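Reader: I should like to learn how the features of a structural model are read. Please take them one at a time, with the general idea before the particular case.

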Amino acid sequence: MIDKNIDQLKRLKLRKNAEMRLKVYGILSISLALIMLATLMISIGLSGYSALQQAYVKLEINVDSKKVLDEKGGFSNQKALLVNWDGIVSNSFITNFPEITKRSEKRSLRALMSSNAGYELRQYFQKNPDDLDENITIWLSASDDFDQYMKGRFNTSVDEKDRRLSNQQLKWIDFLAMEKISKLKFNTSFFVNADSREPESAGILGAVVGSTLTLTITILFALPLAVMASVYLEYFAKPGRLTDFIEVNINNLAAIPSIVFGLLGLSVFLGFFGLPRSAPLVGGLCLGLMTIPTIIIASRASIRAVPPSIKDAALALGASRMQAALHHVLPLAAPGILTGTIIGMAQALGETAPLLMIGMVAFIIETPDSFTSAATAMPVQIFMWSDSAERAFYERSSLAILFLVGFLIIMNSLAVFLRRKFEKKW
Amino acid sequence: MVDKKNNLKFKTKNVSVFYGSKQAINKISLDIEEKQITALIGPSGCGKSTFLRCLNRMNDVISNCSVNGKILLDGNNIYSDEIDPVLLRAKVGMVFQKPNPFPKSIFENIAYGPRIHGIGNNRAELTDLVHHSLEQAGLIDEVKDRLDDIATGLSGGQQQRICIARAIAVNPDVILMDEPCSALDPIATAKIEELMSSLSKSYTIIIVTHSMQQAGRVSQKTAFFHMGDLIEYGETPKIFTQPDQQKTQDYITGRFG
Ligand SMILES: Nc1ncnc2c1ncn2[C@@H]1O[C@H](COP(=O)(O)OP(=O)(O)OP(=O)(O)O)[C@@H](O)[C@H]1O
Ligand SMILES: [Mg+2]
């Protein structure tokens, strides 16, 4: 038995209390962080989930095949250009309201359809030319105000003059919804389209592809350079002023505001090398420059974490320093390097400022198909949408944020997974 | 006095080593005979490891380390510009205090050295070489069925013998051992000592040890270091029974160290 005198008991109690307090503080701060994160995600989720649906209107349409097919029976783009698709859509739409005859009323009725509905119709027939000459039923996009009203996001308490929909238009929408002529359906265009002026046809795909192309360049550019630099600094650089200077500056580089890398890209890649504006190639290079210090710092740390005895063993067998590094140290450091790289990539994925400088903020309706075609990236797309006047863009930017966060979570889980998988024990 | 019937392997002349401005060993002149075991003993920090690392130029890796004096291997100065440390280390192998097998398979551990030196060009030759090296290291019976297992999963003594086999595989002339048994239990130690005696028929072995008994059991010659100086060097039995120097006497009788 250990004899405890009063004094010792007192001190024991004090120590236990202090430990308890520390634990409580820790739990409190973690909970606080989690609550804030949850609040953020929930509020974004609440404003973004409705973008998963979109208001569509059911139309009965019959298009004469002679208007669009060429002699061989194929779809002729030239002929299709001459067809008034918008007219076909509005005529069919207006048949739902036979009582309306006044020109001004017809015009405000037509405004309820998306101005891209005609284009959607044309796309449909281009894909399904067999449906020409048939009476078909097709769901086409309604306008964004229509969409917002159906989702209950249209503010009707405002004075009618200041609203984008008149009371008459609201009544029509109510009627269409009641008759099941218009409906909220899954918003496919968000996932298959690039940007658009009309929120109802704007999609994230262009930005996702743009981000993917950009990050591909980033990793191809940054990873080899950073790993080579770390190996050099760890194994070959002679300690001295120059090495110290380089070290300090790599750490400084990691702390430089990202927009500076954009300015650098603008003057060097665009100005000096004359690379194309708005291209993932240039964006990737800028983000790569930004990521290199992060990867170097992570790589050096994990190279240093490999026991020196492994390197000594290789050297004592007559391996050159290069061989010791490539054959033994790098494979063991790889999990750490990978983790650092993925974290750097995640940072690059969320970066906007440098991309703004090199023109990846342009309005681009085509999904990019090469490293040199004009593109945007996800965070830039979010930035542009959240800046738009239409309410419908606001919910889309929230959904896009969820998308981006999803990507980040996937990348970070990948980092954890790779680390677990390739970590070797010795 | 050089014993005439044995050839000299290493001859060092006035070797001093500095770490920065701090001197670690001071003007060591020592002749090491071929196919014998030479033991280096002395209190901790006296420069045994430093001296040993000079012999295969592992000191080159330490950035602030500088070596003065001459070290001749078979009459050639190993610190001259013509000598490539990489080739030197293929001739002068090393076994470290803590077993340090690569975290790879047993086979890969042994085959690595031959591979980088272009010995054993095809798989069959390499397999032969691996088996032969493991046999020499007295390990073949224990591991022949699991050459693909990871070497770091073996016991400490087995790992150390893997390291010895790995050093043998590149066919060196000399094997340097820096306290090879200090991380091992007595049985594993006995095995390694046995192994050293059998290896000394074909290799020159230089061993640093803290165990006086070990030096007495395995070595033919012993050098006693103290504070960077070589105090005494001679036949092992003589050093342990009637040393010339008082300091040696004090050390081996355990009065300091
Ligand atoms: N890398 C180094 N940098 C600076 N000083 C060193 C370095 N390695 C060894 N020394 C110093 O050189 C002297 C000799 O060290 P060494 O390791 O050769 O001793 P040792 O005899 O092997 O000791 P031990 O028996 O404890 O292994 C010591 O004073 C040590 O502090
Ligand atoms: Mg030592």
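Author: Let us begin with exposure: a residue is called buried under 20% relative accessible area, exposed over 50%, and partly exposed in between, with a 1.4 Å probe and protein chains only as cover. By that scale B:N14 is partly exposed, because its relative accessibility is 44%. This is a predicted model, in which local features need pLDDT of at least 70 and side-chain atom pairs count only at pLDDT 80 or more, while totals for chains, interfaces and linings use all residues. Residues are numbered from 1 along each chain as its sequence is written, chains are lettered from A and ligands numbered from 1 in the order in which they are written, and side-chain values use heavy atoms, with hydrogens and water left out.

Reader: Where does B:N14 lie, and what is its phi?

Author: Most residues other than glycine have a negative phi, and most peptide bonds are trans. B:N14 has a positive phi, near 50 degrees, and is not a glycine. Its place is in strand β1 (residues 8–19) of chain B; strands are DSSP runs of E with at least two residues, helices are runs of H or I with at least four, and both are numbered from the N terminus. B:M227, also not a glycine, has a positive phi of about 50 degrees. B:M227 sits in the loop between β9 (221–226) and β10 (229–235) of chain B, and it counts as exposed because its relative accessible area is 66%.

Reader: How many residues surround ligand 1, and which are the closest?

Author: A residue is near a molecule if one of its heavy atoms lies within 4 Å of it. Ligand 1 is surrounded by 14 residues, the closest being B:S44, B:K48, B:S49, B:T50 and B:H210. The shell consists of four nonpolar, six polar and four charged residues. In this grouping Ala, Val, Leu, Ile, Met, Phe, Trp, Tyr, Cys and Pro are nonpolar, Asp, Glu, Lys and Arg are charged, and the others, Gly among them, are polar.

Reader: Which residues have a polar atom paired with an oxygen atom of ligand 1?

Author: A polar contact is a pair of N or O atoms within 3.5 Å; within protein, one must be able to donate a hydrogen and the other to accept it, and residues adjacent in sequence count only if both atoms are side-chain atoms. A polar backbone atom of B:G47 is 3.0 Å from an oxygen atom of ligand 1. For B:K48, a polar side-chain atom lies 2.7 Å from a ligand oxygen, and for B:T50 an N or O atom of the side chain is 2.4 Å from one. Of the 630 Å² of accessible area that ligand 1 has on its own, the protein covers 67%; such areas come from the Shrake-Rupley method with a 1.4 Å probe, and for residues only the protein chains shown count as cover. Two or more residues of the shell come from each of β2 (22–33) and α1 (48–55) of chain B, and α1(B) gives the largest share, four residues.

Reader: How many aromatic pairs are there over all chains?

Author: A pair of aromatic rings is described by the distance of the centres and the angle of the planes. Rings of Phe, Tyr and Trp (its six-membered ring) pair if their centres lie within 6.5 Å; planes under 30 degrees apart are stacked, over 60 edge-to-face, and the rest tilted. The count over all chains is 17 aromatic pairs. One of them, A:F190 with A:W385, is tilted, at 6.0 Å centre to centre and 45 degrees between the planes. This pair links distant parts of the chain, 195 residues apart: A:F190 is in helix α8 (residues 189–192) of chain A and A:W385 in helix α16 (residues 378–386) of chain A.

Reader: Are A:F190 and A:W385 buried or exposed?

Author: A:F190 counts as buried because its relative accessibility is 0%, and A:W385 counts as buried at 1%. Another pair, A:Y232 and A:F236, is stacked, because the ring centres are 6.5 Å apart and the planes at 15 degrees. Both residues lie in helix α9 (residues 205–236) of chain A, four residues apart, about one turn of the helix. A:Y232 is partly exposed, with a relative accessible area of 45%, and A:F236 is partly exposed at 30%.
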